[in-house]
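Me: I want to learn to read a model feature by feature. Can you take me through one?

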Amino acid sequence: MGWPLRMFQEEGYYFVTSRCFQGRLLLRPSAEVNEVVGGVLARAVQQSGGNVRLHAFTFASNHFHLLVWTRGVALASFMQYLRANLSKKVGRLADWSGGFWERRYSAEPVLDDTALVGRLRYVLAHGVKEGLVERSAEWPGLTCLAQLLGSARRVFQWFNWTKRWSKRGSEDTAEGEGRFAEEIAEPVELEVAPLPCWEGLGEEERQRAVRGLVEGVEAEARARDTPVLGVQAVRAQHPHTRPEHLKRSPRPLGHASTRQALKQLREQYRAFVAAFREAAARWMGGDLSASFPLFSFPPRVVPGRFTRIL
């Protein structure tokens, strides 16, 4: 069974999720992992050329969430770059050589301001809602919380492996150390942009709004009155650990504060799929002038240009 078609807008907001292979803890937090992840994320945003803007992020031990604004299909190349570099570099730190990601990422459109704030709250709840730490600020993985409550810009190290390979044969450090050596590290800045509905607020007002979301999350956790795992135990987990039970739930088509907005999105998606299938049928029939929907990914193989080997 194939994956559902992706429908991108000319520009819009998306809630993005990607999970590690089999839910293993390959992104388990550490100072080194956080630095590498931050550098890769910052570099991916930089490489997008302004076509991707980051509003929130959190990296749990076995998955991550992003809240982004993006233009057209720019999210596809952004995520390809991000996931490929995370799998190579964090995979090296975790001593993992197999497939790093469980399946393709999900990207759900966020349709209004209320839904955007709701997705931000969901991001800030990670670590607390799972019973891993008592307070959001205690989560040892990389999150946007510090940047939302302080300077929106933060500098990370991007480890330029292209530069490293160009130095092969020189008197470098050992193999394991060379991949994350200071001489190939380049500073790269990561900026978290305010939500569009908060752009008119002053800095203190935005920070007050963020603290309000966090306080609500932590109050809900205290009401459950269950013990937490704790930061030390989170860091002590082996990154190859596979959870016995992995929570799986259907991914929504999108996020909105009204049923009407979701209904309109569903109708728009059905029309998109119908148009794509009609164009694909014409294309498979040999009509290479078939027009596919804007911001979709038409087939790349030309019909009749390959030979089936029996």
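Reply: We go through a helix pair, the cores, a buried residue and two backbone angles. Keep in mind that this is a predicted model.

Me: Start with the helix pair. At what angle do the axes of α3 and α7 cross?

Reply: Take the distance and the angle together. The axes of α3 (residues 113-124) and α7 (residues 203-224) come within 9 Å. They cross at roughly 55°. Angles of 65 to 115 degrees would count as roughly perpendicular, and those under 35 as roughly parallel. α3 and α7 are therefore oblique to each other. The crossing of α3 past α7 is right-handed.

Me: Which residues of α3 and α7 meet?

Reply: Read the two sides separately. α3 brings Val117, Leu120, Arg121 and Leu124. From α7 come Val210, Leu213, Val214, Gly216, Val217 and Glu220. Sorted by class, this contact has seven nonpolar, one polar and two charged residues.

Me: Now the cores. Which residues have the most contacts inside the largest nonpolar core?

Reply: Look at the total, then at the best-connected members. The largest nonpolar core has 65 residues. Phe57, Phe59, Leu66, Leu75, Phe78 and Leu82 have the most contacts inside it. Take Leu66 as a case. Setting aside residues up to four places away in sequence, Leu66 touches Tyr14, Phe15, Val16, Leu41, Leu54, Ala56, Phe57, Phe59, Phe78, Met79 and Leu82. There is also a second, separate core of seven residues, with Val133, Val217, Ala221 and Val234 among them.

Me: Is Thr58 buried or exposed?

Reply: Compare the relative accessible area with the cut-off. Buried means under 20%. Thr58 has 1%, so Thr58 is buried. Thr58 belongs to strand β2 (residues 52-59). Beyond its neighbours within four places in sequence, Thr58 is in contact with His63, Phe64, His65, Val123, His126, Leu142 and Thr143.

Me: Last, the backbone. What is the sign of phi at Asp225?

Reply: Check the residue type along with the angle. Asp225 is not a glycine, yet its phi is positive, at about 55°. Then find its place. Asp225 sits in the loop between α7 and α8 (231-236). Its relative accessibility is 66%, so Asp225 counts as exposed.

Me: And where is Phe295?

Reply: Phe295 is in the segment after α9 (259-284). Phe295 is not a glycine either, and has a positive phi of about 65°. At 24% relative accessibility, Phe295 counts as partly exposed.

Notes:
Residues are numbered from 1 along each chain as its sequence is written. This is a predicted model: local features need pLDDT of at least 70, side-chain atom pairs count only at pLDDT 80 or more; totals for chains, interfaces and linings use all residues. Side-chain values use heavy atoms; hydrogens and water are left out. Axes are lines fitted to C-alpha atoms, for helices over the stretch in contact, and angles run from 0 to 180 degrees between N-to-C directions. Helices (H or I, at least four residues) and strands (E, at least two) are DSSP runs, numbered from the N terminus. Angles under 35 degrees count as roughly parallel, over 145 as roughly antiparallel, 65 to 115 as roughly perpendicular and the rest as oblique. A crossing is left-handed if the near helix is turned anticlockwise from the far one by less than a right angle, and right-handed if clockwise. Contact means heavy atoms within 4.5 Å. Ala, Val, Leu, Ile, Met, Phe, Trp, Tyr, Cys and Pro count as nonpolar, Asp, Glu, Lys and Arg as charged, and the others, Gly among them, as polar. A nonpolar core is a set of buried Ala, Val, Leu, Ile, Met, Phe, Trp, Tyr and Cys residues joined through side-chain atoms within 4.5 Å. Buried means under 20% relative accessible area, exposed over 50%, partly exposed in between (1.4 Å probe, protein chains only).
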